[in-house]
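Here's a short walk through a small set of coordinates, written for someone who would rather look than tabulate. Have the viewer open as you read.

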Amino acid sequence: MAKKSVGTIQTGTKRLTKAIKMVRSPKSGAYVFVEKIMTPEEVNDFIKTN
């Protein structure tokens with residue numbers, strides 16, 4: 001279960017996207033949200049990894 005951000009962030013000439021995904025914590029078993037700012041090309045790889 002993952003969600004891509006709707007907006008993009010622009011810093012100078014670089015175009016960045018903030019991706020948020022939900023992962024299960026190995027300690028407690030609860031879900032936590034992991035956020036990362038990256039280029040749009042890296043988003044699909046980030047979402048697919050555990």
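What follows goes from the overall fold and its confidence to a hairpin and then to a handful of residues.

## Fold and confidence

First things first: this is a predicted model. The protein chain has three strands and one helix, and along the sequence they come in the order β-β-β-α. Strand S1 takes up residues 2–11, strand S2 runs over 14–24 and strand S3 over 31–38, and helix H1 covers residues 43–48.

How confident is the predictor in all this? The chain averages a pLDDT of 81, with 72% of the residues scoring at least 70. Confidence is lowest in S1, where the mean is 58, and highest in S3, where it reaches 92. Where pLDDT is low, the predicted coordinates are not something to read in detail. With its mean of 58, S1 is left as an outline here.

## Surface and packing

Of the 50 residues in the protein chain, 16% count as buried. The chain exposes about 4,200 Å², and 54% of that comes from carbon and sulfur atoms.

Now for contacts along the chain. Taking those with a separation of 6 or more, 24% are between residues 24 or more positions apart. As for aromatic pairs, a search of the whole structure turns up zero.

## The S2–S3 hairpin

How do S2 and S3 run relative to each other, parallel or antiparallel? They are antiparallel, and eight bridges join them. Two of the pairings are easy to pick out on screen: Ala19 has Lys36 in S3 as its bridge partner, and Thr17 has Met38.

S2 and S3 make a hairpin with six residues between them, and Gly29 in the turn has a positive phi of about 85°. Ser25 sits in that same stretch, in the loop between S2 and S3. Is Ser25 buried or exposed? Ser25 counts as buried because its relative accessible area is 16%, and the cut-off for buried is under 20%. Leaving aside residues up to four places away in sequence, Ser25 touches Ala30 and Val32.

## Lys21 and the ring of Phe46

Lys21 belongs to strand S2. At 5% relative accessibility, Lys21 is buried. So what does Lys21 lie over? The answer is the face of Phe46, at 4.6 Å from the ring centre. The two residues are 25 apart in sequence, yet their C-alpha atoms are 8.6 Å apart in space.

Phe46 turns up again from the S3 side. Val34, in strand S3, touches Phe46 and Lys21, and its contacts also include Ala19, Ile20 and Val23, with residues up to four places away in sequence not counted. Val34 counts as partly exposed because its relative accessibility is 30%. From Val34 to Val23, eleven residues along the chain, the C-alpha separation is 7.2 Å.

## Met22 and Ile47

Next to look at is Met22, also found in strand S2. Met22 is partly exposed, with a relative accessible area of 25%. Across to Phe33, eleven residues away in sequence, the C-alpha distance is 4.5 Å.

Met22 also gives a handy reference point for helix H1, where Ile47 lies. The C-alpha atoms of Ile47 and Met22 are separated by 9.3 Å, with their positions 25 residues apart along the chain. Why does Ile47 count as partly exposed? Because its relative accessibility is 25%, and partly exposed covers what falls between the buried limit of 20% and the exposed limit of 50%.

## Where to look

If you only have a minute, go to Lys21 over the face of Phe46, then follow the contacts of Val34, which touches both Lys21 and Phe46. After that, trace the hairpin round to Gly29 with its positive phi, and keep in mind that confidence is lowest in S1.

Technical notes: Residues are numbered from 1 along each chain as its sequence is written. This is a predicted model: local features need pLDDT of at least 70, side-chain atom pairs count only at pLDDT 80 or more; totals for chains, interfaces and linings use all residues. Side-chain values use heavy atoms; hydrogens and water are left out. Helices (H or I, at least four residues) and strands (E, at least two) are DSSP runs, numbered from the N terminus. Buried means under 20% relative accessible area, exposed over 50%, partly exposed in between (1.4 Å probe, protein chains only). Contact means heavy atoms within 4.5 Å. Rings of Phe, Tyr and Trp (its six-membered ring) pair if their centres lie within 6.5 Å; planes under 30 degrees apart count as stacked, over 60 as edge-to-face and the rest as tilted. A charge sits over a ring if NZ of Lys or CZ of Arg is within 6 Å of the ring centre and within 35 degrees of the ring normal. Two strands pair if DSSP finds at least two bridges between them. pLDDT is the predictor's confidence in each residue, from 0 to 100. Accessible areas come from the Shrake-Rupley method with a 1.4 Å probe; for residues, only the protein chains shown count as cover.
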